[in-house]
Number of protein chains: 2
Amino acid sequence: MGEFELIRRYFSAAACAQKTAGVAYGIGDDCALLEIPPGEQLAISTDTLVVGVHFPDGCDPFLLGQRALATTASDLAAMGARPIGFTLALTLPEADPAWLEAFARGLDHKARSCGLALIGGDTTRGPLCLTLTVMGRVPQGLALRRDGARPGDLLCVGGPLGDAAGALQLITGRRQAAAAIAEPLLARYWAPRPQLALGLELRGKASAALDVSDGLLADCGHIARASGVALYIEQERLPLSEALSALLHREEALACALSGGDDYVLAFTLPEAFLAELQAQWPIQVIGRVEVGEGVHLLDGSGREIEARRQGYQHFGGSSD
Amino acid sequence: MGEFELIRRYFSAAACAQKTAGVAYGIGDDCALLEIPPGEQLAISTDTLVVGVHFPDGCDPFLLGQRALATTASDLAAMGARPIGFTLALTLPEADPAWLEAFARGLDHKARSCGLALIGGDTTRGPLCLTLTVMGRVPQGLALRRDGARPGDLLCVGGPLGDAAGALQLITGRRQAAAAIAEPLLARYWAPRPQLALGLELRGKASAALDVSDGLLADCGHIARASGVALYIEQERLPLSEALSALLHREEALACALSGGDDYVLAFTLPEAFLAELQAQWPIQVIGRVEVGEGVHLLDGSGREIEARRQGYQHFGGSSD
């Protein structure tokens with residue numbers, strides 16, 4: 001048996017432990033088999049993480065496993081889908097048992113908390129690269145898409161923004177901070193919590209949704225374009241964590257919140273009628289509104305539009321992009 | 001817009017052209033959405049191809065696109081699943097338009113012939129690496145698994161074996177041959193035809209099935225192990241193509257048929273009652289039988305077991321492997 005066969009067996013042990021409802025047959029045949037209840041659709045998304053691009057060379061394998069699954073599972077949250085399972089395509093330069101054990105542990109840890117079973121995959125030799133494909137299910141017509149935002153809706157986010165971008169300044173050594181500041185930020189980067197429960201709650205309420213992965217302005221641009229509307233963001237209402245505010249000056253923290261990626265909180269548009277009910281249960285924050293028009297517009301405290309270029313941001317979302 | 005955004009748009013054009021039944025929503029949101037009819041299950045499989053491991057550096061991108069999809073779609077054939085769609089995770093060192101155009105054309109060509117729609121993916125920068133995830137559907141209980149072979153069943157294959165291994169000798173320059181010999185062999189390697197229609201036909205008939213990707217002996221070992229039976233292969237009955245027989249001496253051709261991978265024909269076990277009906281329509285070949293016991297056993301023309309080690313093969317399939 002080759003070393004890569006051993007790896008497969010290692011992961012398949014992890015897979016057996018976390019079978020979820022919906023997995024009819026997992027690892028061990030040409031295909032896995034999933035059950036999708038009548039009236040529901042399968043939601044599926046793929047993400048690739050490459051060493052040196054999406055994570056630093058030499059990074060902790062436990063954290064990598066955890067983060068890889070969390071960032072991919074976030075696409076299910078963004079769609080309002082209930083998790084079923086995932087496949088892992090793992091390309092590795094060598095089969096280092098200590099690395100693999102820690103990576104599989106990180107993956108398994110996050111898989112359990114998300115309710116995702118490992119149902120298949122492929123292990124090959126080559127430069128370190130991961131591709132995860134996550135699958136979930138969502139009742140027909142209730143998936144949270146990007147194209148339903150309507151003028152008059154509120155623009156909301158599911159939690160503080162910019163923490164992951166702040167953490168990256170620590171990881172790359174551009175900043176240093178005491179543990180009380182660094183730890184919560186690093187946790188947001190390495191162990192993002194896909195907002196799966198919030199995604200389920202938003203079904204039938206949010207008119208459009210996605211997860212903030214490329215940065216708030218860029219991602220709001222996706223909603224504006226898909227829905228054919230303008231989004232106005234009030235800069236003063238952006239939720240910033242205490243840790244980020246302690247690490248950075250306000251202007252820098254706002255830049256992280258607006259353009260830093262990797263936060264994996266949900267951004268969504270919501271008819272105002274649903275706001276009170278949701279806010280009673282979830283720490284969601286209104287950050288702006290949907291209007292007739294196009295593009296994403298940033299407003300200062302007095303409601304004046306901040307010229308995007310002056311702020312060093314691209315003006316996202318116009319159809320001419 | 002970055003070059004990688006352009007790539008995504010290029011592939012999404014290809015995706016729109018080939019929507020198949022079952023794709024409720026393709027590229028353009030956090031997840032794709034698929035419809036699985038009531039009473040059917042989703043079948044899903046992932047394969048990774050790495051440059052220098054699964055295909056030579058500098059190989060023709062049209063052929064690579066074609067081959068990558070065909071080899072992955074073959075897992076749907078092996079399961080008796082009807083194709084729906086696939087995702088593509090493409091990692092590329094650079095966005096070379098000519099390479100991409102040819103690769104996407106090869107992929108699209110095979111996708112159309114398999115009835116698979118491109119429903120999502122990810123494009124990243126890094127060493128050339130492809131991960132494809134294919135999805136299909138199969139009525140509950142009818143998937144062709146590996147664990148149902150019963151003593152008394154026949155062991156069959158869906159076509160000639162060893163051609164891809166013969167082609168590899170040409171590709172790596174170990175052999176040379178006239179076009180009349182080389183072309184059909186190279187076609188088997190670069191443009192394998194997943195036996196999707198045969199897979200559908202075998203539902204409710206074959207007791208176990210898979211596609212020959214690792215080599216006949218190794219793959220039969222998977223069936224023997226999963227089903228808890230012994231498989232006996234009669235070497236004289238192995239189907240060899242004319243081209244392979246012209247390229248290699250018989251002993252070498254048999255070695256390709258037994259241990260060469262990449263053929264992507266189906267191997268399956270079949271109660272004898274179904275044989276005549278199937279053979280009337282499909283060029284399937286009986287190559288052996290299922291018996292009580294374990295492991296894969298190779299028999300010579302007089303029915304004597306060939307000692308595997310002497311032949312240079314691993315003895316596959318025993319539980320101690």
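Colleague: Where does D262(A) sit?
Modeller: D262(A) is in the loop of chain A that runs between α9 (250-259) and β10 (266-270). Keep in mind that this is a predicted model.

Colleague: Okay, and what is the phi of D262(A)?
Modeller: Positive, about 70°, although D262(A) is not a glycine. For background, most residues other than glycine have a negative phi.

Colleague: Is D262(A) buried or exposed?
Modeller: D262(A) counts as buried because its relative accessibility is 17%, and the cut-off for buried is under 20%.

Colleague: Over to chain B. Where is Y264(B)?
Modeller: Y264(B) is in the chain B loop between α9 (250-259) and β10 (266-270). Y264(B) isn't a glycine, yet its phi is positive, about 55°.

Colleague: And what's the relative accessible area of Y264(B)?
Modeller: It comes to 9%, so Y264(B) is buried.

Colleague: Let's zoom out. How many helices and strands does chain A have?
Modeller: Chain A has 10 helices and 12 strands. Of its 321 residues, 60% are buried.

Colleague: What about the surface that chain A exposes?
Modeller: That's about 12400 Å², with 51% of it supplied by carbon and sulfur atoms.

Colleague: And how far apart in sequence are the residues that touch within chain A?
Modeller: If you take contacts between residues at least 6 apart, 83% of them join residues at least 24 apart.

Colleague: New topic: the two chains together. How many residues does each one bring to the contact?
Modeller: Chain B brings 54 residues and chain A brings 54 residues. Between them the chains bury about 4100 Å², and 55% of that is on carbon and sulfur atoms.

Colleague: Which three residues of chain B supply the most buried area there?
Modeller: D30(B), L33(B) and I44(B), which supply 16% of the area that chain B buries against chain A.

Colleague: How many salt bridges are there between the chains?
Modeller: There are 4 salt bridges between chain B and chain A. In one salt bridge, the side chain of D30(A) meets that of R146(B), at 2.8 Å from N to O. Counting polar contacts, you get 19 residue pairs between the chains, both residues at pLDDT 80 or more.

Colleague: Which elements of chain B touch chain A?
Modeller: Several supply at least two residues each, including β1 (23-25), β2 (32-35), α2 (61-79) and β8 (208-211). β3(B) gives the most, with 9 residues.

Colleague: And which classes of residue are on that side of chain B?
Modeller: The side that touches chain A has 27 nonpolar, 14 polar and 13 charged residues.

Definitions and conventions:
Residues are numbered from 1 along each chain as its sequence is written. Chains are lettered from A and ligands numbered from 1 in the order in which they are written. Side-chain values use heavy atoms; hydrogens and water are left out. Helices (H or I, at least four residues) and strands (E, at least two) are DSSP runs, numbered from the N terminus. Buried means under 20% relative accessible area, exposed over 50%, partly exposed in between (1.4 Å probe, protein chains only). Contact means heavy atoms within 4.5 Å. Accessible areas come from the Shrake-Rupley method with a 1.4 Å probe; for residues, only the protein chains shown count as cover. Buried area is the accessible area (1.4 Å probe) that two parts lose on being put together, summed over both. A polar contact is a pair of N or O atoms within 3.5 Å; within protein, one must be able to donate a hydrogen and the other to accept it, and residues adjacent in sequence count only if both atoms are side-chain atoms. Ala, Val, Leu, Ile, Met, Phe, Trp, Tyr, Cys and Pro count as nonpolar, Asp, Glu, Lys and Arg as charged, and the others, Gly among them, as polar.
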